[in-house]
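Thanks for coming. I will take a few minutes to go through one chain, starting with its overall properties and ending with one sheet.

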Amino acid sequence: MKKRFSAWLLALCCHLPAQATWFEVTGQADLLESNLAARNNALKDAVFQAMQYSGADLSTFNYMQPILEQERDQYLFSDSEVREIQVVDVKRGGGKYYVTARIDIYPTAKTCHKTQYKKAVLISQFGMQTPQHAALGGIYQLGDDFSEVLNRQINRQSQSFISPAVTRVDVNPKFPQAATMLAQDNDAQYIVVGNLTDLSATIEKRTLSKDRTSRQFAAFMQVLDGNNGEVVFQQDYRDIAEWPFERTSQVDTKTARFWQSSYGQMVLRLSRQMMLDLENQLACRASLPEVVNAHNSMAQVNVGRIHGVRSGDLLMLWHRAAFVDQSGIPRSRMVKSDIRLTVDRVYESSAEVIVKQPELAGSIQVGDVVTKVVSGK
């Protein structure tokens with residue numbers, strides 16, 4: 001079923017300052033456990049859509065979620081791009097719960113995703129901790145398919161990250177050197193690894209109606225720094241939904257039939273939460289594009305159109321340096337240079353840049369880092 005979405009600007013010029021923008025959005029959720037749970041999920045869906053459409057900072061969405069779980073008709077926020085939310089209509093029908101909300105948003109130009117290029121995240125295929133749990137429905141490929149879903153979720157909806165592809169290479173956080181080599185091979189700043197930890201099902205026996213089967217979906221996700229292999233974020237995820245398929249049927253987890261079911265929709269909601277957690281935890285960490293080639297007054301960097309690079313962008317160059325601390329441990333640091341570069345040609349995942357001070361071009365080395373210069377700096 002195609003997701004229902006409607007958003008438009010409301011003309012409030014006579015009542016509010018010119019910069020105020022209101023969005024009216026209808027969110028939806030499956031009606032499963034209770035009306036309140038469905039209402040909460042539908043309201044969150046509406047707010048998420050409005051924030052994404054307006055360009056507001058998605059990294060703040062997590063802070064709003066506990067407040068949105070309180071049943072109100074109006075929500076007010078301070079020190080946030082989302083200033084006010086008004087619930088104007090709720091409806092139920094066809095197993096769905098719909099919430100229409102008006103949302104007042106003031107996007108700013110100083111949020112991290114607007115001042116940096118997108119960071120590349122390499123997703124490793126999610127494993128399955130207990131394959132026996134997949135026997136119901138024969139969903140043994142769910143880990144692989146969930147990895148692809150998370151990949152698309154990031155590429156379509158993330159403000160701060162792009163995910164080039166899903167790797168079939170097994171990544172173990174216990175071996176950081178192997179992880180860093182893989183990250184370098186794929187120009188990835190982070191690597192996402194995970195496991196599906198619980199897909200167990202319970203059956204509720206009913207006397208006057210058909211038995212109801214509920215199924216868990218639990219996953220454990222870790223994010224590794226591609227530069228050193230360290231774990232920078234980890235989180236458990238868990239939810240439950242009705243399993244609407246016959247117990248003897250084999251379910252293809254690549255089909256719309258699965259992903260449009262109540263269970264598939266719950267899994268999609270968790271994949272979105274993973275993406276939001278990446279935004280919340282890592283969006284404001286520095287994006288570190290590297291110089292991959294240098295010749296005379298020209299250089300090439302490993303970021304391009306998919307990362308948000310545009311012709312004419314001004315870049316600052318940083319030299320990598322190394323030292324040994326008092327404990328004898330090798331450390332790395334970044335040394336700011338006086339070199340400025342201008343983006344000349346932009347390709348899909350790389351760009352050519354021109355050195356603005358040709359007399360300094362000889363000091364540029366492969367592996368040097370560039371950062372985007374924001375207007376006013």
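How far apart are the mean positions of the positive and negative charges of the chain? The answer is 3 Å, with 42 positive and 40 negative charges counted. Please keep in mind that this is a predicted model.

Now the overall picture. The chain has 377 residues, and 47% of them count as buried. Along its principal axes, the C-alpha trace spans about 85 × 60 × 40 Å. The accessible surface comes to about 19,300 Å². Carbon and sulfur atoms hold 48% of that surface.

On to contacts. If we take those with a separation of 6 or more, 64% are between residues 24 or more positions apart.

Next, secondary structure. The chain has seven helices and 18 strands. I will pick out one open sheet, which has four strands. Which order do they follow? Reading across, it is β1-β4-β3-β2, and the pairing is antiparallel. At the edges are β1, residues 21-30, and β2, residues 74-76, each of which pairs on one side only. Direction ignored, neighbouring strands of this sheet are turned by 20 degrees against each other on average.

Let me stay with one pair in that order. β1 pairs with β4, residues 96-105, in the antiparallel sense, and ten bridges join the two. To find one of these bridges on the screen, look for F23, whose bridge partner in β4 is I103.

That is where I will stop.

Terms used. Residues numbered from 1 in each chain as written. Predicted model: local features only at pLDDT ≥ 70, side-chain atom pairs only at ≥ 80, totals over all residues. Heavy atoms only, no water. Buried < 20%, exposed > 50% of the residue type's maximum accessible area, 1.4 Å probe, protein only. Contact = heavy atoms within 4.5 Å. Areas by Shrake-Rupley, 256 points an atom, 1.4 Å probe, with all protein chains shown as cover. Lys, Arg positive; Asp, Glu negative; His and termini not counted. Charge placed at Lys NZ, Arg CZ, Asp CG, Glu CD. Pairing = 2+ DSSP bridges. Axes fitted to C-alpha atoms, helices over the stretch in contact; angles between N-to-C directions.
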